[in-house]
Amino acid sequence: MQNYWLEFLTVALVHLLAVASPGPDFAVVLRQALTQSQRNALLTAAGIGIGILLHVGYSLLGIGLIIQQSVMLFTILKVIGAIYLLYIAWHCLRAQAGGLHVQTNGGSPQTGWAAFRLGFLTNALNPKATLFFVSLFSVVIKPDTPVGLQAAYGLYMALATGLWFALVSVFFTHPRVRRGFNRFGHWLDRAMGGILVLLAGQLLLSTVSGSEPPSAPSPGTDR
């Protein structure tokens, strides 16, 4: 049992370094926290956490390894992920001057389902998350580790991810924090859009060049 504790601590450490690194998940949650209600920001964080379970599920079933080894399937995943990031970026880049506008009442506010779906799809369609979890379950976690224990690792990572982004949401939805960003809120929105465009471009470039991210888990891998 002691070996499993060491394995869990390794998984927890690698996951902590990965979840804290900048990437699409963080950019989307930050924008949600600064432009949406706290409820919607938290629902987006929950969507990202649930998205982790999808990656864990196909990693446990061995489907993730098939996706990773199939050039066509992985290319399709990268293209879809890049298109979705560009779709979100387009909305960010359309931000108008006048400070942050928190959509709570009137107009066309974002629904709770839309906020949750945004978080889930951002994580689920991230091909780097596929590589991260496939590598984690094939390199860090031993093959003889009980499947139930592997599933518990996955559940922990989903909960930890959701909690991390929930804390990010609560911090950036604080009135004082929002007031601090209010004067240049539209520029921040556009900056988030620019970051997402760069991330999408990186995915498309790796698709064209045929290069892939490292197969082993690394601190800079964003889920």
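**Exercise 1. Find which helix gives the most to the nonpolar patch on the surface.**

Solution. Step 1: Helix α5, residues 71-93, gives the most to this patch, with four residues. Helices (H or I, at least four residues) and strands (E, at least two) are DSSP runs, numbered from the N terminus.

Step 2: The patch is formed by I66, M72, L73, I76 and I80, which together have about 490 Å² of accessible area. Patches take residues with over 30% relative accessible area and no salt bridge; like charges are joined within 9 Å, and nonpolar side chains (Val, Leu, Ile, Met, Phe, Trp, Tyr) within 5 Å. A salt bridge is a side-chain nitrogen of Lys or Arg within 4 Å of a carboxyl oxygen of Asp or Glu. Areas come from the Shrake-Rupley method with a 1.4 Å probe, and for residues only the protein chains shown count as cover.

Step 3: The model is predicted: local features need pLDDT of at least 70, side-chain atom pairs count only at pLDDT 80 or more, and totals for chains, interfaces and linings use all residues. Residues are numbered from 1 along each chain as its sequence is written, and side-chain values use heavy atoms, with hydrogens and water left out.

**Exercise 2. State whether I76 and F74 are buried or partly exposed.**

Solution. Step 1: Buried means under 20% relative accessible area, exposed over 50%, and partly exposed in between (1.4 Å probe, protein chains only).

Step 2: I76 is found in helix α5 and has 42% relative accessibility, so I76 counts as partly exposed.

Step 3: F74 also has its place in helix α5, but its relative accessible area is 4%, so F74 is buried. The C-alpha atoms of F74 and T130 are 9.2 Å apart, although 56 residues separate the two along the chain.

**Exercise 3. Check the span of helix α6.**

Solution. Step 1: The expected span is 1.5 Å times one less than the number of residues.

Step 2: Helix α6 (residues 112-124) has 13 residues, so it should span 18 Å. Its end C-alpha atoms are 18 Å apart, which agrees.

Step 3: Buried residues in α6 include G112, L118 and N123.

**Exercise 4. Describe the aromatic pair of F8 and Y156.**

Solution. Step 1: Rings of Phe, Tyr and Trp (its six-membered ring) pair if their centres lie within 6.5 Å; planes under 30 degrees apart count as stacked, over 60 as edge-to-face and the rest as tilted. The structure holds six such pairs.

Step 2: F8 and Y156 are 5.0 Å apart centre to centre with 70° between the planes, and the pair is edge-to-face. F8 lies in helix α1 (residues 2-19) and Y156 in helix α8 (residues 147-172), so the pair ties together parts 148 residues apart in sequence.

Step 3: Ring pairs also link W5, F8, Y153 and Y156 into a cluster.

**Exercise 5. Find which helix supplies the largest share of the largest nonpolar core.**

Solution. Step 1: A nonpolar core is a set of buried Ala, Val, Leu, Ile, Met, Phe, Trp, Tyr and Cys residues joined through side-chain atoms within 4.5 Å.

Step 2: The largest core has 14 residues, and F132 and F133 are among those with the most contacts inside it. The largest share, five residues, comes from α7.

Step 3: F132 is buried, with a relative accessible area of 1%, and F133 is buried at 0%.
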